[in-house]
Amino acid sequence: MTFQKPTIPKGSRDFGPSEMAKRDYIFSVIKTVFKKYGYQPIETPAMENLSTLLGKCGEEGDKLLFRILNSGDFLSNVSGNDLKSKDPVKLINLITEKGLKYDLTVPFARYVVQHQNEITFPFKRYQIQPVWRADRPQKGRYREFYQCDVDIIGSKSLLSEVELIKIADEVFNRLGIKVIIKINNRKILAGIAEIMGQAEQMMKITIAIDKIEKIGLDGVKHELLEIGIPQSSIDKLLPILTFTGDFEEKMFLLRDNLSSSKIGLQGVYELETVREYLSFFELSTAVQLDLSLARGLNYYTGAIIEIVAEDMKIGSICGGGRYDDLTGVFGLKDISGVGISFGADRIYDVMDQKDLFSEETSQVTKVMFVNFGEKEEKYCLSIIEKVRKAEISAELYPDHSKIKKQMSYANNKNIKFVAMVGEDEINENKITLRNMTSGEQIRLTLGELISKLQLE
RNA sequence: GUGGUUGUAGCUCAGCAGGUUAGAGCGCUGGAUUGUGGUUCCAGAGGUCGCCGGUUCGAACCCGGUCUUCCACCCCA
């Protein structure tokens, strides 16, 4: 008989107990902070109709969609001519009508419109779910990964931007990750494109600018020329790109340069307001103004935020921004939203590599009872019941195996205490408790055992 | 989507210019120690050399294809 090697699809992963312990820790920190600021959870399905998903993140986004083959006779809509044409784009639309979601923001917009009568605006929600992208996997890039989104929708207030930055700062501070928080505003980028006389090319220009750290100033120039931006326009851009100084100095120079652009000045005003409100909070990380920050998603219209881990080449671990009209395509106008998304898997990678998980994260069982035999295991059952009633996680080894085997089970499972109840202990009505880290052993009554373990 | 890279024991890797029975460390199982793990000593189990095909007297090694891994680009969490 032949059997297949067990495998999972490219870019997907299994998570074992120790990974899950660490992942749960990340999720719980994030959730705790989200809730503290008044956000409520929702979930949406793994799959959405393609009509919801397509066209929201540009052509690139559409390519990254995992599509789901129609059930049953999926060829029923396909004519002989369609088949002969062998046009993959046309055919795939005939045989698929659902896809796996590749972010949480677009399904959220759909949710908001669909449930608008049940929602009190402004609506603050968080959402922690997996998303799927048919990308080619590489470092920090997976085909299935978790996003942790917080959004506030139905308010234009810049307080929301401020709150989200504060939340991000708090999350990373709690996790112990050193980060760089970068902020910019699409209106500023639009203003820059406007004074360049290339307003309609704004997206292409910003994407080129975004690469400045990677390809340098000359690289950006080259890229802009390639996409057909005239030299005269590029000359207007260069001084802005070479701004130096702190937040205030850059803002001052910007206002000067963008004085002829109404939208640009609006962006400057928004950034300044956010900056001012932020000064009322104590942040563990200073927020940097990064004029080269663009972000590819084309639904952003105002503030854009990106957070990267200090000295780690893994891309951004958190990103987001304001979108003024995401619900418009689903028929609900004038609803502005702003949100950020934490990449749980990249956060995990950063923390793992920097060794930021504490030992306790992987501890589940506090005390294991050695199983000496039938008589002893029966005796242990009532004891263990009382230990668990005291909210101490305890387990009894299920087999009458050698003590050596039972001890190494406890050791491998990172169990800190082993309780031994054999004939001697039963006669004395006591329990021998061994500390697996120190090797120290003491005989205790049940009450003493419980109070000792509660302190640990 | 473009370019490159990897695949040998559960894990990390050796394996000389194609030549007999494919190796190490860690882990695992058992014993030294019949109520004591993590240290030490001894023994043992475990491999269609990713898969398919080709060249050759002979292939883990050479060639083609395929899958997979990882990386860069694109883009992104």
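1. Start with the second largest pocket of this predicted model. Helix H5 (88–95) puts four residues into its lining, the largest share. Both H5 and helix H3 (58–63) supply at least two residues each. The space inside comes to about 230 Å³.

2. If you want to look at that wall residue by residue, the lining of the second largest pocket is Leu 54, Glu 59, Asp 62, Lys 63, Leu 65, Arg 67, Pro 88, Val 89, Ile 92, Asn 93 and Ala 134. By class, that lining splits into six nonpolar, one polar and four charged residues.

3. Now for RNA strand B. There are 43 residues around the strand, and the ones that come nearest are Arg 133, Arg 295, Gly 296, Ser 316 and Lys 402. The surface near RNA strand B has 17 charged and 15 polar residues, plus 11 nonpolar ones.

4. Which part of RNA strand B faces the protein, bases or sugar and phosphate? Sugar or phosphate accounts for 51% of the strand's atoms within 4 Å of the protein, and bases make up the rest.

5. A few contacts to check by eye. On the base side, an N or O atom in the side chain of Arg 136 sits 3.1 Å from a base oxygen of RNA strand B. Gln 138 instead has a polar side-chain atom 2.8 Å from a phosphate oxygen. Asp 424 uses its backbone: an N or O atom there is 3.5 Å from a base oxygen.

6. As for elements, strand S6 (144–153), strand S10 (316–323), helix H16 (403–412) and helix H17 (423–428) each give two or more residues to the surface near RNA strand B. H16 has the largest share, with six residues.

Key:
Residues are numbered from 1 along each chain as its sequence is written. Chains are lettered from A and ligands numbered from 1 in the order in which they are written. This is a predicted model: local features need pLDDT of at least 70, side-chain atom pairs count only at pLDDT 80 or more; totals for chains, interfaces and linings use all residues. Side-chain values use heavy atoms; hydrogens and water are left out. On a 1 Å grid over the protein atoms alone, a cavity is a set of points where a 1.4 Å probe fits but cannot get out, and a pocket is an open set with protein on both sides within 12 Å along at least five of seven lines; lining residues have an atom within 4 Å of a point. Grid points are joined across faces, edges and corners, and a volume is the space filled by probe spheres set on the points. Ala, Val, Leu, Ile, Met, Phe, Trp, Tyr, Cys and Pro count as nonpolar, Asp, Glu, Lys and Arg as charged, and the others, Gly among them, as polar. A residue is near a molecule or strand if one of its heavy atoms lies within 4 Å of it. A polar contact is a pair of N or O atoms within 3.5 Å; within protein, one must be able to donate a hydrogen and the other to accept it, and residues adjacent in sequence count only if both atoms are side-chain atoms.
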